[in-house]
Amino acid sequence: MAKAPDGPVPVVVMGLGFIGQEIAKAALSSQEVELIGAVDSQATLVGRPLGDVLGQAGPRFKISESLERAVGRRKGVVVLHATSSRLAQVMDQLMEALKLGLPVASTCEELAFPYLKYPELAEKLERAAQKAGVAIVGTGVNPGFVLDRLVATAGQVCGPVRKATVSRVVDACTRREALQRKVGAGLTEEEFFDLVDREELGHVGLIESAALAALGLGLDCDDFEEEVAPVFAEEDITGGAFVVKKGRVAGMFQSVVGLEEGQERVRLELTIAVGAEDPRDRIEIDADPRLVLEIPGGVAGDRATANALVNAAPRLTAAEAGLLTVLELPAGR
């Protein structure tokens, strides 16, 4: 295992969408990392001082169009990557970082447990990371913490687990407009299912969280079943980025069930809807002893994801080389 860093770890943020900007802000407020660069492919951002884009006082370095230029001659740099949820779409970016010998913490949801859907891509990343002698991990709040890592951690104080049931309820009114649109708020039922069929609506990464939770709890699930359904507004809903009319879609309910020889062993349920009542994160583990954990209000998604990446950076410098899951990420801050 590599030696833990003696001082702040230099980091570069790759991707300056909403989450990327949140990561940059979190990095600037952290004593464990030093933000030395930022990368984005948008022509409207390249060459601009990062502080101007963030709308706050900050480093005056300019946003680069390439990772190599952003890193420069600095050693020990970790890439905080936030460009897309889909693994196939970010493979070139991840491989570029690994070829430069840079560890990577990414928000790409499908990277959280790529062995499930993309074993060949996972193997490619594993080989590249091993060759470079660095670690790469997909993390965030979900997947990366609430529905998987926290579940696995809670299971450490239980005997053999019979079943885990985990639910997360998010009031989308408290989140950005892009997320409200992403979960279908304001759509008709027909429009909702059309986008689901085109894989343009819903939360990416829930099935990866289920696989991680099962792995962390020692459950041998051989099949996973996923469903997405609309949540309808029972009255006009205000308070979000726009009014959701009665009868229209207010958001979504998504679930994944992990099965072992046909028996349900893991159930994850995610509700994200404008006006969703009783926001919370709840974990129930059926074991001896039985364990129930609940976080009233739930973990704040965007800020928690940004902090998860920033806090992962020093851990990656001390981790074994290869493609990791959050279950293998060294603990502590």
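In the predicted model, helix α4 (residues 87–99) packs against helix α5 (residues 119–132) at an angle of about 10°, and the two axes lie 10 Å apart. Because angles under 35 degrees count as roughly parallel, α4 is roughly parallel to α5. On the α4 side, the contact is formed by Leu87, Ala88, Met91, Leu94, Met95 and Leu98. These residues meet Leu121, Lys124, Leu125, Ala128, Ala129 and Ala132 of α5. By class, the contact of α4 with α5 comprises eleven nonpolar residues, one charged residue and no polar residues.

Two domain annotations are available from UniProt, each from an unreviewed entry. The feature "domain: Dihydrodipicolinate reductase N-terminal" is placed by UniProt at residues 10–91. Within the model, this span is 33% helix and 20% strand, and its end C-alpha atoms are 23 Å apart. The annotation "domain: 2,4-diaminopentanoate dehydrogenase C-terminal" covers residues 145–331 according to UniProt. Over residues 145–331, helix accounts for 27% of the chain and strand for 31%. A distance of 12 Å separates the end C-alpha atoms of residues 145–331.

The largest pocket encloses about 640 Å³ of space. Its lining consists of 29 residues, of which Ile19, Ser85, Glu109, Arg176 and Lys182 are the closest to the pocket centre. Two or more lining residues are contributed by each of the elements α1 (18–29), β6 (163–171), α7 (177–182) and α10 (301–317). When the lining of the largest pocket is divided by class, 13 residues are polar, ten are nonpolar and six are charged.

Backbone geometry was also examined in several loops. The peptide bond from Asn142 to Pro143 is cis, with omega near 5°. Pro143 belongs to the loop that runs between β5 (135–138) and α6 (149–154). A cis peptide bond is likewise present from Asp288 to Pro289, where omega is near 5°. In this case the proline, Pro289, lies in the loop between β10 (280–286) and β11 (291–296). Glu199, a residue other than glycine, has a positive phi value, near 55°. The position of Glu199 is in the loop between α8 (189–197) and α9 (206–217).

Helix α9 also contains Leu215. With residues up to four places away in sequence left out of the count, Leu215 touches Phe113 and Leu327. The C-alpha atom of Leu215 is separated by 8.0 Å from that of Ala152, although the two residues are 63 residues apart along the chain.

Terms used
Residues are numbered from 1 along each chain as its sequence is written. This is a predicted model: local features need pLDDT of at least 70, side-chain atom pairs count only at pLDDT 80 or more; totals for chains, interfaces and linings use all residues. Side-chain values use heavy atoms; hydrogens and water are left out. Axes are lines fitted to C-alpha atoms, for helices over the stretch in contact, and angles run from 0 to 180 degrees between N-to-C directions. Helices (H or I, at least four residues) and strands (E, at least two) are DSSP runs, numbered from the N terminus. Angles under 35 degrees count as roughly parallel, over 145 as roughly antiparallel, 65 to 115 as roughly perpendicular and the rest as oblique. Contact means heavy atoms within 4.5 Å. Ala, Val, Leu, Ile, Met, Phe, Trp, Tyr, Cys and Pro count as nonpolar, Asp, Glu, Lys and Arg as charged, and the others, Gly among them, as polar. UniProt positions are given in the numbering used here, feature names are shortened, and annotations may be inferred rather than shown by experiment. On a 1 Å grid over the protein atoms alone, a cavity is a set of points where a 1.4 Å probe fits but cannot get out, and a pocket is an open set with protein on both sides within 12 Å along at least five of seven lines; lining residues have an atom within 4 Å of a point. Grid points are joined across faces, edges and corners, and a volume is the space filled by probe spheres set on the points.
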